[in-house]
Amino acid sequence: GAAFSPIITVTEGLNLYATVNYTTTQLFESVNAVTGGNSFGQALLYEVGAKASLWDNTFFAGIAAYYFDENRLEAQVGNRLDVRGEGLEVELTWVPNRNFSLLATAGWQRVYLRSGLPFRFQDPGARLPLVAGGNFASSGDPTGLVAQNNPDKIIPAVPELTANLFAIYQFDNGLGAGMGPSFRSSQWLNY
């Protein structure tokens with residue numbers, strides 16, 4: 001792999017950055033043998049952002065936008081999935097003293113399938129309610145529901161919006177604890 005990450009200091013405490021990262025991905029499971037170049041894929045990440053340190057290093061802020069394109073392993077059948085994604089992230093941290101900090105994060109992400117639909121379980125509907133517990137294996141779109149309901153092939157189980165707010169206390173002996181609300185927005189449950 002290779003990475004290139006230039007950083008530009010705009011003023012004291014404010015930096016802009018960009019990253020391009022190219023790496024190899026694993027397209028085989030630990031129980032499968034490596035069979036050459038087809039056992040590996042590629043991942044490419046582009047990210048731009050800004051990081052700030054303000055108020056005598058008691059407030060930190062970061063914002064980033066990213067795009068990635070990668071080959072992933074579909075673990076159920078050991079096939080390759082080609083995906084792309086994009087997102088935005090914001091992180092704010094306030095540290096008023098050495099023991100207490102408040103951390104707020106928010107992020108938006110959407111991941112799309114670039115290749116054909118993978119193996120998955122699909123509801124056969126009312127016609128065959130007892131066959132295989134109501135599920136059957138599919139690697140296409142035999143009902144046309146994916147093309148109708150999810151034409152961009154947004155990958156399921158990836159929340160589009162996440163947000164967190166944590167209050168963190170660090171004791172002088174090194175132990176610490178944190179708590180706070182965490183939010184996950186709607187997500188696709190299947191294709």
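Residues count as buried at under 20% relative accessible area, as exposed at over 50%, and as partly exposed in between (1.4 Å probe, protein chains only). The model described here is predicted; local features need pLDDT of at least 70, side-chain atom pairs count only at pLDDT 80 or more, and totals for chains, interfaces and linings use all residues. Residues are numbered from 1 along each chain as its sequence is written, and side-chain values use heavy atoms, with hydrogens and water left out.

The chain has 191 residues, and 27% of them are buried. Its secondary structure consists of twelve strands and one helix. Both are DSSP runs numbered from the N terminus (helices: H or I, at least four residues; strands: E, at least two). In sequence order the pattern is β-β-β-β-β-β-β-β-β-α-β-β-β. Contacts are defined by heavy atoms within 4.5 Å. Of the contacts in the chain with a separation of 6 or more, 49% come from residues 24 or more positions apart. The chain exposes about 12,200 Å², and carbon and sulfur atoms supply 60% of that area. Accessible areas come from the Shrake-Rupley method with a 1.4 Å probe; for residues, only the protein chains shown count as cover.

The interior was examined next. A nonpolar core is a set of buried Ala, Val, Leu, Ile, Met, Phe, Trp, Tyr and Cys residues joined through side-chain atoms within 4.5 Å. The largest such core has eleven residues. They are Y66, F68, L81, V83, V111, L113, L117, V146, I155, V158 and Y191. Strand 5 (59-74), strand 6 (79-94) and strand 7 (100-113) each supply at least two residues of this core. One core member, V83, touches F68, V111, L113 and I155, among others. Its partners also include D69, E70, R72, Y112 and R114. Residues up to four places away in sequence are not counted here.

T19 lies in strand 3 (residues 14-26). T19 counts as buried because its relative accessibility is 17%. The C-alpha atoms of T19 and Y66 are 9.1 Å apart, with the two positions 47 residues apart in sequence terms. Beyond its neighbours within four places in sequence, T19 is in contact with F4, S5, L45, Y46 and E47. With S5, the T19 side chain makes a side-chain polar contact of 3.2 Å. A polar contact is a pair of N or O atoms within 3.5 Å; within protein, one must be able to donate a hydrogen and the other to accept it, and residues adjacent in sequence count only if both atoms are side-chain atoms.

The structure holds four salt bridges. Each is a side-chain nitrogen of Lys or Arg within 4 Å of a carboxyl oxygen of Asp or Glu. In one of them, R114 pairs with D69, and the closest N and O atoms are 2.9 Å apart. This pair links distant parts of the chain, 45 residues apart: R114 is in the loop between strand 7 and strand 8 (120-122), and D69 is in strand 5. R114 is partly exposed, since its relative accessible area is 39%. D69 is also partly exposed, at 24%.

Another salt bridge joins E160 and R110, at 2.9 Å from N to O. This pair too links distant parts of the chain, 50 residues apart. E160 sits in the loop between helix 1 (145-149) and strand 10 (161-170), whereas R110 is in strand 7. E160 is buried, with a relative accessible area of 16%. R110 is partly exposed at 22%. A further bridge connects the side chains of E86 and R84, with an N to O distance of 4.0 Å. Both partners are partly exposed: E86 has a relative accessible area of 25%, and R84 has 27%.

On the surface, L88, W108, L161 and F183 make a nonpolar patch of about 360 Å². Patches are made of residues with over 30% relative accessible area and no salt bridge; like charges are joined within 9 Å, and nonpolar side chains (Val, Leu, Ile, Met, Phe, Trp, Tyr) within 5 Å. W108 belongs to strand 7. W108 counts as partly exposed, at 30% relative accessibility.

Two backbone angles complete the description. W55 has a positive phi of about 50°, although W55 is not a glycine. N57, likewise a residue other than glycine, has a positive phi near 55°. W55 is found in the loop between strand 4 (40-54) and strand 5, and N57 lies in the loop between strand 4 and strand 5. W55 is exposed, with a relative accessible area of 60%. N57 is exposed as well, at 51%.
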